[in-house]
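Trainee: I should like to work through this structure with you, one question at a time. May we begin with the place where the chains meet?

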Amino acid sequence: MSEEERKRPGEPEDDVSAASAGEQRTGTLEDGVSAANIGERRSGAPEDGGSAVSAGEKRTEAPEAGAAATGAGTPRPKAAETAADGARTEPAAPARRKETEEEKAARRKAALEAREAAKAAKAAAAAQDAAAQAGSPGAAQAGPQAASPGAASAGPAGAAAETNEPPPKPPSPNQPRLDRAVQLLRELVADDAVESASINEANDHLPTIVVRKERWLQAARLFRSHEELNANYLRNVTGVDYETHMEVVYHLLSLDSGHNYAIKVRTDRDRPSVPSVTPVWETANWNEREIYDLLGIDFPGHPDLRRIMMPDDWEGHPLRKDYVPLDPEV
Amino acid sequence: MGVIRTEELLLNVGPQHPSTHGVFRIIVKLDGEIITEATPVMGYLHRGTEKLAESLNYTQIIPYTDRMDYVSAMTNNYVLVHAVEKMMGLTVPERAEFLRLIVMELQRIASHLVWWGTYLLDIGALSPFLYAFNDRERILQLFNELCGARLTYNYMRVGGVKWDAPEGWIDKVKDFVKSMYGKLDDYHALVSGNEIFLSRIKGVGAYDAETAIAYGLSGANLRSTGVKWDLRKNEPYSLYDRFEFDVPVGRNGDCYDRYVVRMEEIRQSLRILEQALEQFPPEGETMGKVPRVIRPPAGEIYVRIESPRGEIGCYIVSTGKAEPYRLKFRRPSFVNLQILPKLLVGESMTNLVTILGGIDIVLGEVDC
């Protein structure tokens, strides 16, 4: 296809233009092609998208997920159109739609399974939102169990979505490892050391733990020296400015067992500070300096915290989302 | 007997100095000829890649990765597209994945050749450099035929590669691999047994495995201490689990072991290439089915691969938009360089160049 064609649907407009059937199909095509590969992930997506956007956007998701759900079995455009119809109009062909939705539900369930509680809550909220704004189709979109014919009105659909909140426990292979790490942290560091814990499914089921800032140094020592965890290798340290707060992410690895962990430490944005773990892993030294330099996060306990990339007299911290260069011409 | 009064000398090396292989500066305190303190100064090549990436879409970021480790742009390409593919759950056609693997291994050889040539140049042997660059040039020529660039390839795409191999290209690579084995033997004959060379690098800049791990070293810097850790084996990506190859390790963690490990890695790369070229699918797609607009679902991911210099990682935070919310590269050169001040204390000034060269850094990657 030509370059112009490739570019057109790139803009967020394809969400706005959801009402037009022609555009709708473009959207379908776009993701339809990828559906075979990414079906599972994609069908999980609407929940996330939904939480952030309006019901209008929600509706565009419908054909995509529909195509994904039907997979190769049904001719794609047809399936997409049915789903699109279903999403736009009131329950038109209930029997047919039910089938699609059931398949969809199965897929979505699988995708949902390992989702963390927070996300589930978010999804439920999104479902309710969608239900309120878009009526039943939107709700049916968001709630896996909404496939039941009872989803005709917004109320039950919302409820259905909510009952899904505790999805069947994720059968992630790394769940036991995560639970054990959390248990150790609670027992040996402090009761309140862990803020939350989850499995990052997309990232090879990476156990991810949010550790309370005040407990981080102790927790780091535990990770480093506890024989079960034995995370002797600090792969990577990243600072992220989430605008509401700052986060430092540590990717840990045990070279002996090959186990990976991601630890996140959150700090407020006005005076961000996270205890330095340079005494625990020497490699954190420059990483922390870099984060200090580019994001302005303080690392108390660091032996030599000064800028590393930018000149010493640089004003501001460039990787912050609200960074404005002092001299725009530089 | 009178003692000659001495005083500490502060010496500034770089940022423009041939032995630093780029714009790297190090301030050393000298007591006579012995280094008592070393302070690296970086950032001369900081371009803010991570900041720039936040306003670019994923395809637009790929050329920026070329310019990080410009001696090994193919692996940089790969780490980014691999991260995005993983986030989106895309499958890459086999032919494309084979092409990627072949160029990555060729790149590893090219990169090690640059290192070998310049390292010997640092130490004072001029001619190996010419041999190394001659062979590296053949690899660059192959890349040039494949994607029209010698250094900054911009070759990989999310879901595949930009260009299919031109006709006869695979045969040319086969020829190269065949002849490279012999060249490698020549290199060993030319340098590896040289008495002067050995006395310059044996036992210099040594550290043990525990230190290497604490400093987060990776690649040959880690393996020279005897830690058998290669991401191609330990956390396989791409098609590496299909091929047979060994992970060479050292024992003493000195410059000599790093030299041996890297030279052996060239041979192992040739082995991988041989097998990959044999199994290369004669036809097929080079681009997978990818949405027109690449929007990874909201979430985050950290992927890592084995670059010639060690573990190169890519951490992406996506909010479901076409641009990353945060993109961070874990650059092996940056992390590996950290051990330098520790290694330099107590060494003589001449060994500064030996040790720095032995770490094998690329400044584009250190500063990013």
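Trainee: How many residues of chain B are in contact with chain A?
Mentor: Please keep in mind that this is a predicted model. The contact joins two sides, and chain A contributes 38 residues to it. On the side of chain B, the number in contact is 44.

Trainee: Which element of chain B gives the most to the side that touches chain A?
Mentor: Several elements supply at least two residues each, among them helix 1 (49–53), helix 3, helix 8 (209–214) and strand 9 (310–318) of chain B. The greatest contribution from one element is five residues. It comes from strand 8 of chain B.

Trainee: How many residues on that side of chain B are nonpolar?
Mentor: The residues of chain B that touch chain A fall into three classes. The polar class has 11 and the charged class has 12. The nonpolar class has 21.

Trainee: Helix 3 of chain B supplies residues to that side; how many of its 16 residues are buried?
Mentor: Helix 3 of chain B covers residues 73–88 and reaches 23 Å from its first C-alpha to its last, close to the 22 Å expected. After the helix comes B:Gly89, with a positive phi near 70°. The helix is mostly covered, and its buried residues number 15.

Trainee: What radius of gyration does chain B have, and why does it agree with a compact globule?
Mentor: The C-alpha trace of chain B spans about 85 × 45 × 35 Å along its principal axes. A compact globule with 368 residues would have a radius of gyration near 21 Å, so the value for chain B agrees with that expectation. That value is 21 Å.

Trainee: What percentage of the residues of chain A count as buried?
Mentor: For chain B, buried residues make up 55% of 368. Chain A has 330 residues, and its secondary structure comes to 12 helices and five strands. The buried part of chain A is 48%.

Trainee: Is helix 5 of chain B roughly parallel or antiparallel to helix 6 of chain B?
Mentor: Two packed helices are described by the angle and the distance between their axes. The axes of helix 5 (residues 127–147) and helix 6 (residues 169–192) of chain B come within 11 Å and cross at roughly 170°. Because angles over 145 degrees count as roughly antiparallel, helix 5 of chain B is, relative to helix 6 of chain B, roughly antiparallel.

Trainee: How many residues of the contact between those two helices of chain B are charged?
Mentor: The residues making the contact include B:Asp135 and B:Arg138 of helix 5 and B:Lys172 and B:Phe176 of helix 6. In this contact 11 residues are nonpolar and no residue is polar. The charged residues number five.

Trainee: Is A:Leu252 buried or exposed?
Mentor: A:Leu252 is found in strand 4 (residues 246–253) of chain A. Beyond its neighbours in sequence, A:Leu252 touches residues including A:Phe223, A:Ala231 and A:Ile263. A residue is buried if 20 or more other C-beta atoms lie within 10 Å. Because A:Leu252 has 24 such neighbours, it counts as buried.

Trainee: What is the phi of A:Asp204?
Mentor: Most residues other than glycine have a negative phi. A:Asp204 lies in the loop between strand 1 (194–200) and strand 2 (206–211) of chain A, and it is partly exposed. Although A:Asp204 is not a glycine, its phi is positive, at about 55°.

Technical notes: Residues are numbered from 1 along each chain as its sequence is written. Chains are lettered from A and ligands numbered from 1 in the order in which they are written. This is a predicted model: local features need pLDDT of at least 70, side-chain atom pairs count only at pLDDT 80 or more; totals for chains, interfaces and linings use all residues. The radius of gyration is taken over C-alpha atoms; the globule rule is 2.2 Å times the number of residues to the power 0.38. A residue is buried if 20 or more other C-beta atoms lie within 10 Å of its own, exposed if 12 or fewer, and partly exposed in between; C-beta atoms are placed from the backbone. Helices (H or I, at least four residues) and strands (E, at least two) are DSSP runs, numbered from the N terminus. The expected span of a helix is 1.5 Å times one less than its number of residues. Two residues are in contact if their C-beta atoms, placed from the backbone, lie within 7 Å. Ala, Val, Leu, Ile, Met, Phe, Trp, Tyr, Cys and Pro count as nonpolar, Asp, Glu, Lys and Arg as charged, and the others, Gly among them, as polar. Axes are lines fitted to C-alpha atoms, for helices over the stretch in contact, and angles run from 0 to 180 degrees between N-to-C directions. Angles under 35 degrees count as roughly parallel, over 145 as roughly antiparallel, 65 to 115 as roughly perpendicular and the rest as oblique. Lists of a residue's contacts leave out its neighbours within four places in sequence.
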